[in-house]
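Hi there,

I am passing a structure on to you, as promised. Please open it alongside this email, and my notes follow below.

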Amino acid sequence: MKVCSFGMTDRGQVREFNEDAFFIDDVHQVYAVADGLGGLPGGADASKRIVALLGQSMEHIDAKEERFDLAELIIGINQIISKEGMSAHPFTGSGSTLTLCQIVADQLLIGHVGDSAIYLLRKNQLKKLTIDHTMEQKLIDQHGEEAREFMPPEYPHTLTRCVGQKEDLRVDQTRMSIEPGDRILLCTDGLNKVVSEDEINTVLSEGDDLESISVTLAKKANAKDGPDNITVITLFIS
């Protein structure tokens with residue numbers, strides 16, 4: 001499979017700092033977004049450190065022969081971030097989401113912790129491939145969609161899992177087949193909690209200019225007050 005990629009990050013309209021980071025390695029076909037936890041000190045440091053650790057990991061991987069376990073990779077990164085975060089911030093530590101994918105032949109491999117997301121667009125149908133690790137999702141899992149009626153306003157942004165807070169971390173893993181014509185979107189919640197899936201579908205379906213599509217998605221989030229940092233990676237499969 002041939003993969004074309006583009007990534008960008010935007011501070012948004014409200015946040016003073018950008019605590020998002022992204023990773024693109026077209027050689028190994030590995031892509032990731034990380035959203036540092038704004039409620040903890042060192043969120044920006046955590047997300048950027050994750051990206052640096054991913055880069056270091058790729059230096060030891062033979063793109064033609066070796067593959068790695070994404071959960072094992074994320075767990076190893078988590079142990080480092082947890083240790084460094086507690087050293088820098090003894091009372092709170094630091095933390096970040098991490099949503100990571102690798103394309104191997106015709107397979108899409110996903111490792112995921114937090115509430116960033118991956119979407120697949122195939123034949124004009126958009127599907128979310130990750131599940132948010134939030135109190136909102138936990139309440140919905142327990143009580144169904146009617147739980148939204150009594151949902152505390154902070155629950156959609158309260159994580160139940162992230163990198164950096166616990167050394168014992170459970171990672172969601174997904175594997176699925178991909179095909180030529182597929183389009184893949186990785187994003188932090190500054191996009192998909194502001195811009196609807198219908199809007200994402202429309203923009204991701206239009207044209208073949210990866211940069212233009214990514215910028216348009218970020219502009220749509222900013223047009224809706226851009227309440228959070230916005231990070232987008234778009235992948236076209238051919």
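Here is what I found, starting with a helix, moving on to a sheet and ending at a loop.

Please keep in mind that this is a predicted model.

Helix 2 is a good place to begin. It covers residues 70–88, which makes 19 residues. From the first C-alpha to the last, helix 2 reaches 27 Å, close to the 27 Å expected at 1.5 Å a residue. At its start, the backbone nitrogen of Ala71 has a side-chain oxygen of Asp69 within 2.9 Å.

Which residues of helix 2 are buried? They are Leu70, Ala71, Leu73, Ile74, Ile77, Asn78, Ile81, Ser82 and Gly85. These residues sit on the same side of helix 2, because the arc they cover around the axis is only 165 degrees. As for their packing partners, the buried residues of helix 2 pack against helix 1 (43–58), and also against strand 4 (98–104), strand 5 (107–113) and strand 8 (172–177). Turn to the other side of helix 2 and you will find Glu72, Lys83 and Ser87 exposed.

Next, the sheet. It is an open one, formed by 5 strands in the order 1-10-9-6-7, with antiparallel pairing. Strand 1 (3–10) and strand 7 are the edge strands, each pairing on one side only. From one strand to the next, the twist averages 15 degrees. Within this sheet, strand 9 (residues 183–187) pairs with strand 10 (residues 230–237) in the antiparallel sense over 5 bridges. If you would like a spot to zoom in on, Leu185 stands opposite Thr234 of strand 10.

Two helices lie across strands of the sheet. Helix 5 (residues 197–205) lies across strands 6, 7, 9 and 10, and runs at about 125 degrees to strand 7. Helix 6 (residues 210–223) lies across strands 1, 9 and 10, and its angle to strand 10 is about 150 degrees.

Finally, have a look at the loop between strand 6 (117–122) and strand 7 (125–128), where Lys123 lies. Most residues other than glycine have a negative phi. Lys123, however, has a positive phi of about 50 degrees although it is not a glycine. Asn124 belongs to the loop between strand 6 and strand 7 too, and its phi is also positive, near 65 degrees. Are these residues buried or exposed? Lys123 is exposed, with a relative accessible area of 70%, and Asn124 is exposed as well, at 52%.

Enjoy exploring it!

Best wishes

Conventions. Residues numbered from 1 in each chain as written. Predicted model: local features only at pLDDT ≥ 70, side-chain atom pairs only at ≥ 80, totals over all residues. Heavy atoms only, no water. Helix = DSSP H or I, 4+ residues; strand = E, 2+ residues; numbered from the N terminus. Buried < 20%, exposed > 50% of the residue type's maximum accessible area, 1.4 Å probe, protein only. Expected span 1.5 Å × (residues − 1). Arc of directions from axis to C-beta. Contact = heavy atoms within 4.5 Å. Polar contact = N/O pair within 3.5 Å; in protein donor to acceptor, adjacent residues only side chain to side chain. Pairing = 2+ DSSP bridges. Axes fitted to C-alpha atoms, helices over the stretch in contact; angles between N-to-C directions.
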